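Colleague: Please take a close look at a single part of this model and describe how it is placed among its surroundings. I would welcome one connected account.

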Amino acid sequence: MSKIPLHRKAHQEDNVDSWLMSYADMITLLLAFFIIFVATSVPKQDKFAAATRGMKERFGTLTLESPFDDTYRAMVGIVATNHADRNIAIEKTARGMQMEMSSLSLFAPGSAEVPPSQLPLLKNLAETLKGGALAGYTIEVDGYTSDEAPPKGAFASNWELAAARATRVLRVLAEAGLDPAELRATSYGPSHPLVPNADAKGQPIFENRARNERVVIRVEKEQ
């Protein structure tokens with residue numbers, strides 16, 4: 001049997017753990033890279049504070065604990081209880097909140113008269129807007145229509161139809177006890193559609209027309 005020379009065997013044993021040195025170097029480099037990455041990712045406190053101040057100035061300091069949010073939650077509850085969430089959308093805005101109502105669910109087609117079946121819901125929402133929580137807020141009712149002309153003999157144009165609908169809702173708010181000095185109505189007619197009334201070929205899109213027929217109640221804090 002041949003024997004391995006002693007000097008060769010000793011040389012092999014000296015290099016058994018040599019890979020550990022390369023592995024340790026790699027781990028050290030990764031650790032150094034990680035430390036540098038974390039250190040450079042820390043945001044500058046002065047810039048962060050400036051951004052926070054800017055957001056507060058732009059959007060205000062409305063919190064979930066404010067009295068205004070109690071009104072918001074109450075109105076959302078009324079809409080849900082009456083299963084009207086498909087026709088009424090309530091959302092917060094930078095200056096308060098707004099309630100968008102489908103005119104086709106609130107009025108008869110081409111009319112500004114509220115059917116008796118819809119009055120209780122509208123009055124409940126109006127009652128909720130009363131109270132000291134909204135002191136200093138103004139309530140604006142905006143009327144919008146599609147591009148479809150109203151029935152002949154009813155209104156001269158969509159401007160008059162939108163104005164009559166906005167005024168009718170405003171009257172319900174006033175009858176609920178809201179201060180008339182804080183109420184106002186505006187007609188936008190067909191000039192501010194949410195979606196196109198017709199396609200590229202000029203053909204009417206009836207679903208879009210229905211969506212553009214709306215009344216919006218804006219509750220906003222005066223600047």
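**Strand β3 and its surroundings**

Modeller: Strand β3 is joined by 6 bridges to strand β4 (residues 183-189), and these two strands run parallel. The model is a predicted one. One pairing within this set is that of Tyr 144, whose bridge partner in β4 is Gly 189. Between the two strands the chain passes through α7, and the β-α-β crossover from β3 to β4 is right-handed.

β3 also pairs with β5: 8 bridges connect them, and here the direction is antiparallel. Among the residues involved is Thr 138, which has Glu 220 of β5 as its bridge partner.

How many residues of β3 are buried? The count is 8 of 8, so the strand is largely enclosed by the rest of the structure. In a regular strand, side chains alternate between the two faces of the sheet. In β3 both faces are covered. One side carries Tyr 137, Ile 139, Val 141 and Gly 143, the other carries Thr 138, Glu 140, Asp 142 and Tyr 144, and every one of these residues is buried.

Asp 142 deserves separate attention. Its relative accessible area is 0%, and it forms a salt bridge with Arg 218, with the closest N and O atoms 2.5 Å apart. This pair ties together distant parts of the chain, since Asp 142 belongs to strand β3 and Arg 218 to strand β5, 76 residues away. The two partners fall into separate accessibility classes: Asp 142 is buried, whereas Arg 218, at a relative accessible area of 22%, is partly exposed. Side chains of opposite charge can pair when their charged atoms come close.

Glu 220, already named as the bridge partner of Thr 138, takes part in a salt bridge as well. Its partner is Arg 95, and the closest N and O atoms are 3.7 Å apart. This pair likewise spans distant parts of the chain: Glu 220 lies in strand β5 and Arg 95 in the loop between β1 and β2, 125 residues apart. Because its relative accessible area is 18%, under the 20% cut-off, Glu 220 counts as buried. Arg 95 is partly exposed, with 31% relative accessibility.

The structure holds 10 salt bridges, and one of them lies within the crossover helix. In α7, Glu 175 pairs with Arg 171, the closest N and O atoms being 4.0 Å apart. The two residues are 4 positions apart in that helix, so about one helical turn separates them. Glu 175 is exposed, at 55% relative accessible area, and Arg 171 is partly exposed, at 38%. Elsewhere, Asp 147, Glu 148 and Arg 209 belong to one network, joined by salt bridges that share partners.

The nonpolar surroundings complete the picture. Nonpolar side chains in soluble globular proteins tend to be buried together. The largest nonpolar core has 35 residues, of which Ile 88, Met 101, Leu 129, Val 169 and Val 219 touch the most other members. β3 (137-144) is one of the elements that give two or more residues to this core, as are α7 (158-175) and β5 (214-221). Leaving aside residues up to four places away in sequence, Met 101 touches Asn 87, Ile 88, Leu 106, Leu 122, Val 169, Glu 213, Arg 214, Val 215 and Ile 217.

In summary, β3 runs parallel to β4 and antiparallel to β5, and both of its faces are covered.

Definitions and conventions. Residues are numbered from 1 along each chain as its sequence is written. This is a predicted model: local features need pLDDT of at least 70, side-chain atom pairs count only at pLDDT 80 or more; totals for chains, interfaces and linings use all residues. Side-chain values use heavy atoms; hydrogens and water are left out. A nonpolar core is a set of buried Ala, Val, Leu, Ile, Met, Phe, Trp, Tyr and Cys residues joined through side-chain atoms within 4.5 Å. Buried means under 20% relative accessible area, exposed over 50%, partly exposed in between (1.4 Å probe, protein chains only). Contact means heavy atoms within 4.5 Å. A salt bridge is a side-chain nitrogen of Lys or Arg within 4 Å of a carboxyl oxygen of Asp or Glu. Two strands pair if DSSP finds at least two bridges between them. A crossover is right-handed if, with the strands pointing away from the viewer, the path from the first strand over the helix to the second runs clockwise.
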